[in-house]
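I opened the notebook with a few things to look up. My entries follow in the order I checked them.

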Amino acid sequence: MLAGLAIAQSEDRLPREPAYLGEIRRGPDGKLQVMSESPATDAGQPTVAATLVVGPGQKVATVTEAARLARDGEVIEIRAGDYRGQTAVWTQNNLIIRGTGGRPVMLADGKSAEGKAIWVVRGGKVRIENIEFRGARVPSLNGAGIRFERGELTVSNCGFFDNEMGILTANNREQQLTVIDSEFADAPRTQTDFHHLIYVGAIGKFTLRGSRFSNGYYGHLVKSRAAENHILYNMLVDGAGGKASYELEFPNGGVAYVIGNTIGQSAGTENPAMVAYGAEGPRWPENALYFAHNTLINDYHTGNFLNVRTDRMAADIGVWAINNLSVGRGDFFKPAQGRFEGNLTAPRADMLEIGGVPARVPVLSPLRGAVRVPGTANGVSLLPTAAFRFPVGTQPARAGSALLPGAFQ
């Protein structure tokens, strides 16, 4: 009896099982630390995001493995270098994927994730920074650098070259895509399909800012079916070797704010229209185009600077075309409904070049002060607050009392 009591008392004094504190991951400072399962500490402070380092010589050597191991809320740092055939499917939430020590290059090398893209993204909120995507090819001819299928995706300071599609999205009203300070170029030289540098499906919102597009072929530079579009301070100029169709298209209408862009059509274009709206008829209940302070350069012998298909859309579709500057031959048709004012022309010889593109009006041009402040639409100012900065990015722009037409003040 006493022996049994002693055993029981001894068992009561055994140390408790240690609490699970979380996995050990490398923190932003490079030190190993325990990463909590919960999003906040007991004090209510958020935990520090873990960093998963990827590259040759690292514990995680391939991007494919990193996509499998990554957890919600982590930062994935990919070391500079060429990553051949390392396709990935990202399904996590609150994920940041960024290149470090230079820009890592994702080379398709004949492979694809799920027969779709170099990377497939269908998580929650995902941000991709400083990564390059090259050579996407798939049997369906729409292989993308990134196939975006669900959630909210931000792409910043990335490059997309020689892909059948640079970025291709699914058709989900809940999706949002933001592309900032990135470059898209070099569509494949085939006529077997339309290879767009960006093809945005029927998603909720698309924002494109400070990015550069060139050297398309047969397809468009930018095509968007989104319900709401903000196309701001970009350079969409096909270039001497380009043979793109449209430079910018909204085939199903939607609400589009196109402000402060430089848009250029090459002499070898596949379609004389530069910007097209509504060619396939309406998809969304709200449709309007606000087209202000853009510089439109046409190197083709003829063309349409803006083509709004009122024959496919409602005849009373609202179009505001304000303070745009056209360079080269072409027609700028006045819309049936809306505002059409301050749209002027300039000889190519009078323009100053930015990155080899005749985009800027000289400071002492007689066009200065020739246009008025464009106002706002739905609370969105149509007066540029920034300007494209070559080769990618934007810089602040302060408009004085004497406004110029076009993208640069």
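Which residue's side chain meets that of glutamate 77 in a salt bridge? I looked, and the partner is arginine 98, with N to O at 2.9 Å. I note that this is a predicted model.

**Entry: the glutamate 77 pair**

I placed both ends next. Glutamate 77 is in strand β4 (residues 75-79) and arginine 98 is in strand β7 (residues 95-100), so the salt bridge ties together parts 21 residues apart in sequence. I then checked burial. Glutamate 77 has a relative accessible area of 14%, so I logged glutamate 77 as buried, the cut-off being under 20%. Arginine 98 comes out at 27%, which counts as partly exposed.

**Entry: other salt bridges**

How many salt bridges does a search of the whole structure find? I got 21. I followed up two further pairs.

I took arginine 137 and aspartate 162, whose closest N and O atoms are 2.7 Å apart. This pair links distant parts of the chain, 25 residues apart. Arginine 137 sits in the loop between β10 (132-134) and β11 (144-156). Aspartate 162 sits in the loop between β12 (159-161) and β13 (165-169). Are these two ends buried or partly exposed? Arginine 137 is partly exposed at 35% relative accessibility. Aspartate 162 is partly exposed too, at 30%.

I then took glutamate 270 and lysine 243, which meet at 3.5 Å, N to O. I found glutamate 270 in the loop between β24 and β25 (273-277), and lysine 243 in the loop between β21 (235-237) and β22 (248-250), so this pair ties together parts 27 residues apart in sequence. Glutamate 270 is partly exposed, with a relative accessible area of 35%. Lysine 243 is partly exposed, with 29%.

I also traced shared partners. Salt bridges join Glu114, Lys116, Arg122, Arg147 and Glu149 into one network.

**Entry: histidine 293**

Where is histidine 293 found? I located histidine 293 in the loop between β26 (288-292) and β27 (295-298). Its relative accessibility is 0%, so I logged histidine 293 as buried. I looked for a side-chain partner and found asparagine 323, in a polar contact of 3.0 Å.

**Entry: strand β27**

I moved on to β27. Thr295 and Ile297 point one way from the strand, Leu296 and Asn298 the other way. I checked their burial, and all are buried.

Which strands pair with β27? One is β24 (residues 262-265), which runs parallel to β27 and is joined to it by four bridges. In that pairing, I matched threonine 262 with its bridge partner, threonine 295. Another is β30 (residues 325-327), paired with β27 in the parallel sense over three bridges. Here leucine 296 of β27 has serine 326 of β30 as its bridge partner.

**Entry: the whole chain**

I closed with totals. The protein chain holds two helices and 39 strands. Of its 409 residues, 53% count as buried. The chain exposes about 18100 Å², with carbon and sulfur atoms supplying 49% of that area.

What share of contacts between residues at least 6 apart in sequence joins residues at least 24 apart? I read off 66%.

How values were computed
Residues numbered from 1 in each chain as written. Predicted model: local features only at pLDDT ≥ 70, side-chain atom pairs only at ≥ 80, totals over all residues. Heavy atoms only, no water. Buried < 20%, exposed > 50% of the residue type's maximum accessible area, 1.4 Å probe, protein only. Contact = heavy atoms within 4.5 Å. Areas by Shrake-Rupley, 256 points an atom, 1.4 Å probe, with all protein chains shown as cover. Polar contact = N/O pair within 3.5 Å; in protein donor to acceptor, adjacent residues only side chain to side chain. Pairing = 2+ DSSP bridges. Salt bridge = Lys/Arg side-chain N within 4 Å of Asp/Glu carboxyl O.
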